[in-house]
Amino acid sequence: MPSFNHKPILVVGAGLSGAVVARELAEHAGVSSVVIDSRHHVAGNCHSLRAVDTGILEHVYGPHIFHTSNRETWEYVNRFGTFHPFVNRVKASTERGIFSLPINLHTINQFYGKHLNPTEAKVFLASVADTSITTPANFEEQALKMIGRDLYEAFFLGYTQKQWGCSPRELPASILSRLPVRFNYDDNYYADSFVGLPEAGYTRVIENILDHPLICVRVSTPWDSSMQRDFEHVFFSGSIDAFFDYEEGRLGYRTVYWDRKVTDGDYQGNAVINYPGMDVAYTRIHEHKHFAPWETHERTVVYTEFSKETTPADTPYYPKRLKADMTVLEKYRQRAAASSGVTFIGRLGSYRYLDMNVVIEEAQKVSRDFFGFTHPT
């Protein structure tokens, strides 16, 4: 374990990554930390709030559904809050009707007006796929190789252009490779062993993670480089380019924003419906009471989601990771490797899209590796 001069550790960012690092340091290394966040609340983009006008628990910065096949990670989050099982059934509204995603046997049969069994569907999809593509070089080629042009254009082409603000040909093939095609009627968006949502919301969960006598939390406290001298080490979960004052250039991100409205009854009958067509500017609509099916509400809250390029005034959400971005990122990685006293963590610190389970596991690992302790099994 590193030798310190009795100064605390500074954790920049009170989201999931920063909270887990602070908790690991406190529980397993006996190290005190100060956790700061520029926002007026903890939990980062996972922040949840029960709306005064409806009583519905809202995912303020967009929905987050926890999913993992790692039992240890599932048990970890359940230490800090009660998670209810949840099945995320995403739908896509197209000019040909409403279909289930990810693409499954029902989607294929409904879309093509067929009655195929699993074996027949595999043969049929192979017949409409572009077999001339051997090694997909981008998102579009990956889609054409997997599902063919009709399904690609119906579900992914317009949605991707709206979501990422560029042609799918500019995006890496790996983005689509994460989306499965199922030859059965399973319409659960996630195939993980454990999928759930916290009964009291993510903010309560993260408040509980941070609830330790060795952890001091300061919200409404932006990072300033002058802070570094007062702490033994900094774990930084903000944007890596922001830490270096954008001296090598800004990394590309997409950001999202929402049009919120309240109505009576049930607006769409489902938590998430995608709108892949270019005839509307938004990408999807969330109805938040369906993220808590164990609750009953007479009114409903609807978030219509839009995507746009991130400006200096926006909160970055999705790393674009285009070729130009990766060139800039490598410069920041080199500077980070040469910097002492700071460790970059989380989605923004590593400039990667990370699911919540991965955020937790990586935060645990970086804490253990840095302080040389072994987590009890």
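Two strands count as paired if DSSP finds at least two bridges between them. Keep that in mind as you work through this predicted model.

**Exercise 1.** Find which residue of β9 is the bridge partner of T68, and work out how the two strands pair.

*Solution.* Start with the residue: T68 has F194 as its bridge partner in β9. Next, count bridges: β5 and β9 (residues 194-198) are joined by three, in the antiparallel sense. With at least two needed, the two strands pair.

**Exercise 2.** Place these strands in their sheet and say which ones stand at the edges.

*Solution.* First, the order: three strands make an open sheet, β5-β9-β6, with antiparallel pairing. Then the edges: β5 and β6 (83-85) each have a single partner strand, so one side of each lacks a neighbour in the sheet. Now the twist: neighbouring strands are turned by 35° against each other on average, direction ignored. Finally, look at what covers the sheet: α7 packs on it, touching β5, β6 and β9, and its direction makes about 90° with that of β9.

**Exercise 3.** Decide where on helix α11 the buried residues lie.

*Solution.* Begin with the helix itself: α11 (residues 356-371) spans 23 Å from first to last C-alpha, close to the expected 22 Å. Its buried residues are M356, N357, V359, I360, A363, Q364, S367, R368 and F371. Seen down the axis, they fall within an arc of 165°, so they line one face of α11. On the other side, K365 and D369 are exposed. To finish, check the neighbours: the buried residues pack against several elements, including β5 and α7.

Key:
Residues numbered from 1 in each chain as written. Predicted model: local features only at pLDDT ≥ 70, side-chain atom pairs only at ≥ 80, totals over all residues. Heavy atoms only, no water. Helix = DSSP H or I, 4+ residues; strand = E, 2+ residues; numbered from the N terminus. Expected span 1.5 Å × (residues − 1). Buried < 20%, exposed > 50% of the residue type's maximum accessible area, 1.4 Å probe, protein only. Arc of directions from axis to C-beta. Contact = heavy atoms within 4.5 Å. Axes fitted to C-alpha atoms, helices over the stretch in contact; angles between N-to-C directions.
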